[in-house]
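Trainee: I've got a model open and would like to take one part of it slowly with you. Could you start with the overall picture and then zoom in?

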Amino acid sequence: TRLQMFVDELPHMPLLKGFDVVNGVPKPKSLKIGMYMKKWRFHRDLPPTPVFAYGTRKRTATVPGPTIEALQGIDTFVTWSNYLPSKHILPWDPTIPTALPVTNKGVPTVVHLHGGIHEPESDGSANAWFTADFKDRGPAWPNRRYRYRNQQHPGNLWYHDHAMGLTRVNLLAGLIGAYIVRHPEVEGALRLPSGEFDRALVVFDRSFRTDGSIYMNPTGNNPSIHPQWQPEYFGDAIIVNGKAWPQLKVRRRKYRFRIINASNARFFKFFFTNGLRFIHVGSDSAYLGKPVETKDFLLGPSEITDVVVDFSKSKNAKAILANGAPYPYPSGDPVNSANSKVMQFLIADHSELDASRVPSRLIQYPVPDISSTSRTRYIAMYEYTSDIDEPTHLYLNGKSYEEPATEIVKAGTSEVWNVINLTEDNHPLHIHLGLFVVLEQRELVNVEEFTDCMNKLNDAVKCQISKYARGKTVEVPAHEKGWKNVFKMRNGTVTKIFLRFAYIHSNASYEFDPTGEPGYVYHCHTLKTRPLRRSTGYERFLDTN
Ligand code: C2O
């Protein structure tokens with residue numbers, strides 16, 4: 001059976017303000033957000049689906065969860081509480097490194113605010129997990145209440161589960177939400193579309209059984225070793241703000257959309273079937289210096305783009321937001337007709353006066369000052385095959401996730417990292433705490449020879465990386481040239497990034513020491529393989545499976 005497209009309205013997720021206003025003055029606020037098992041209707045004609053949902057209470061919990069709006073410079077405290085049942089709704093695999101409650105009961109969860117700059121205790125390390133009522137807790141569990149300082153520039157973040165070995169299934173179950181840091185004065189002056197014309201779009205793919213439950217292949221690729229674990233998840237239905245292929249009635253004017261790719265593994269190449277354009281004003285967590293117009297753009301898992309769309313330019317009454325990216329990306333099948341559509345906009349007939357605009361200059365941030373670099377590192381991703389295990393492990397500099405941290409950085413400093421991707425996949429690399437600018441992405445030559453050497457020596461400098469980093473440069477699209485926290489490390493390339501471990505604007509009153517326990521992690525955001533993406537952080541690793 002096929003679900004009919006464009007029959008459900010695009011939902012507004014509940015809005016949660018991360019600050020109070022007392023006598024006109026903004027003040028810090030403490031929120032309590034729970035994780036609940038409930039049923040969620042993804043489509044008019046699909047029975048309700050058991051999900052895990054974030055919300056201030058069970059009745060109002062949603063998939064995705066509430067959109068949290070924070071104010072720049074005002075603390076938001078959140079106590080994330082786990083009210084999930086003793087068993088998961090999806091299959092998971094205890095044979096990979098996974099959070100395992102000693103009581104054998106409960107679903108381990110921990111929340112990471114993706115793109116946030118805050119102390120490690122509030123970062124949602126993979127080993128900081130906890131089960132219902134905090135009964136069981138991971139080895140790095142810090143405390144119940146997280147503090148988000150919101151000292152960073154205004155921009156788009158998201159929050160999602162980050163538990164060791166379970167991230168992949170916890171996100172599939174619904175533990176996802178948008179988080180926006182606002183700075184009303186600075187942003188108000190830009191006069192971008194605001195209020196009801198400013199919407200977050202959280203996009204992901206899911207498959208369903210006819211009873212409504214989420215379908216996930218329950219058998220691993222190599223079941224005698226890992227009964228369930230398998231590579232990337234791809235679903236047949238495209239979900240936006242919790243509805244499959246929804247529609248939105250829009251006025252004939254400009255809108256701002258903060259588009260979050262919350263898929264486990266799917267890349268989207270977004271475009272409008274009627275040729276409408278996107279004007280990019282921001283990306284992962286920061287504004288661009290100047291707007292950039294595109295007719296399509298590629299968004300990897302966990303990337304965010306912030307665009308203005310001017311529906312007054314549409315010649316038609318309908319515009320379909322579509323997807324042209326194959327899966328897996330880039331080597332995979334062509335898109336099928338179901339996931340080549342995302343959502344539909346029904347555009348009003350009459351034009352109207354639109355006081356919003358897209359100024360030619362947005363927000364200016366410091367440009368990378370290469371001379372200030374305190375260190376240059378080489379980070380190589382490559383596959384390592386063991387005789388007994390699942391085909392491959394993906395290692396960073398030959399090290400697994402469990403090993404001690406290798407990249408110890410100093411607060412307030414900048415580094416240049418050369419990220420070498422010797423795998424066959426495009427890896428959206430996400431770095432916690434650090435924000436970076438991509439300086440260059442270049443194809444490698446003689447990849448096999450270099451990989452052989454890396455398998456032996458594990459050291460890009462000894463293997464003479466400069467001999468191999470001589471291919472063509474891959475153009476970095478203009479809308480990805482700003483400060484980002486995720487970038488697509490294309491297969492067979494080396495990507496040079498300028499990375500700052502500090503706020504990128506200067507009026508922050510506080511800098512902290514990133515070397516504290518439990519540290520931070522960096523990792524590929526394709527929630528796919530077990531092996532992997534280990535690595536590091538500053539003190540300890542990461543997660544994400
Ligand atoms: Cu979006 Cu370490 O995560």
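With 545 residues, what radius of gyration would a compact globule have, and what does the protein have? After that, please take me through strand S22, residues 318-323: how many of its residues are buried, and which strands does S22 pair with?

Mentor: Happy to, and keep in mind throughout that this is a predicted model. A compact globule of 545 residues would come in near 24 Å, and the protein has 22 Å, so the two agree. If you like to think in boxes, the C-alpha atoms fill one of roughly 65 × 55 × 50 Å along the principal axes.

The contacts add to that picture. Take the contacts with a separation of 6 or more: 77% of them are between residues 24 or more positions apart. Of the 545 residues, 62% count as buried. The surface that remains exposed is about 20,800 Å², with carbon and sulfur atoms supplying 50% of that. On the charge side, there are 66 positive and 55 negative charges, and their mean positions lie 6 Å apart. As for secondary structure, you'll be counting strands for a while: there are 32 of them, plus 4 helices.

Now to your strand. In S22, 5 of the 6 residues are buried, so S22 is largely enclosed by the rest of the structure. S22 has a pairing with S17, residues 268-272, which is antiparallel and has 3 bridges. To find that pairing on your screen, look for Phe270, which stands opposite Asn323 of S22. S22 also pairs with S23, residues 341-351, again in the antiparallel sense, this time over 5 bridges. A handy marker there is Ile320, whose bridge partner in S23 is Gln344. As a rule of thumb while you rotate the view, side chains in a regular strand alternate between the two faces of the sheet.

The residue I'd click on next is Lys318, which belongs to S22. Lys318 has a relative accessible area of 49%, so it counts as partly exposed; the cut-off for exposed is over 50%. Leaving out residues up to four places away in sequence, Lys318 touches Asn274 along with Gln344, Phe345, Leu346 and Ile347. Gln344 is a name you've met already, as the bridge partner of Ile320.

For a sense of scale, pick Lys27 as well. Lys318 and Lys27 are 291 residues apart in sequence, and their C-alpha atoms are 43 Å apart in space. Over in that part of the chain you'll find S3, residues 25-40, joined by 4 bridges to S2, residues 19-22, with the two running antiparallel. That hairpin has 2 residues between its strands, and Asn23 takes a positive phi near 50° there. S3 also pairs with S4, residues 49-55, through 7 antiparallel bridges, with Met37 opposite Phe52. For a parallel example, S3 and S6, residues 76-82, are joined by 7 bridges, and Lys29 stands opposite Thr76.

One last contrast with Lys318 is His479, in the loop between S29 and S30. At a relative accessible area of 7%, His479 is buried. Its contacts, again skipping residues up to four places away in sequence, include His280, Leu288 and Phe297. So a loop residue is buried here, whereas Lys318, in a strand, is partly exposed.

Terms used: Residues numbered from 1 in each chain as written. Predicted model: local features only at pLDDT ≥ 70, side-chain atom pairs only at ≥ 80, totals over all residues. Heavy atoms only, no water. Rg over C-alpha atoms; globule rule 2.2 N^0.38 Å. Buried < 20%, exposed > 50% of the residue type's maximum accessible area, 1.4 Å probe, protein only. Contact = heavy atoms within 4.5 Å. Areas by Shrake-Rupley, 256 points an atom, 1.4 Å probe, with all protein chains shown as cover. Lys, Arg positive; Asp, Glu negative; His and termini not counted. Charge placed at Lys NZ, Arg CZ, Asp CG, Glu CD. Pairing = 2+ DSSP bridges.
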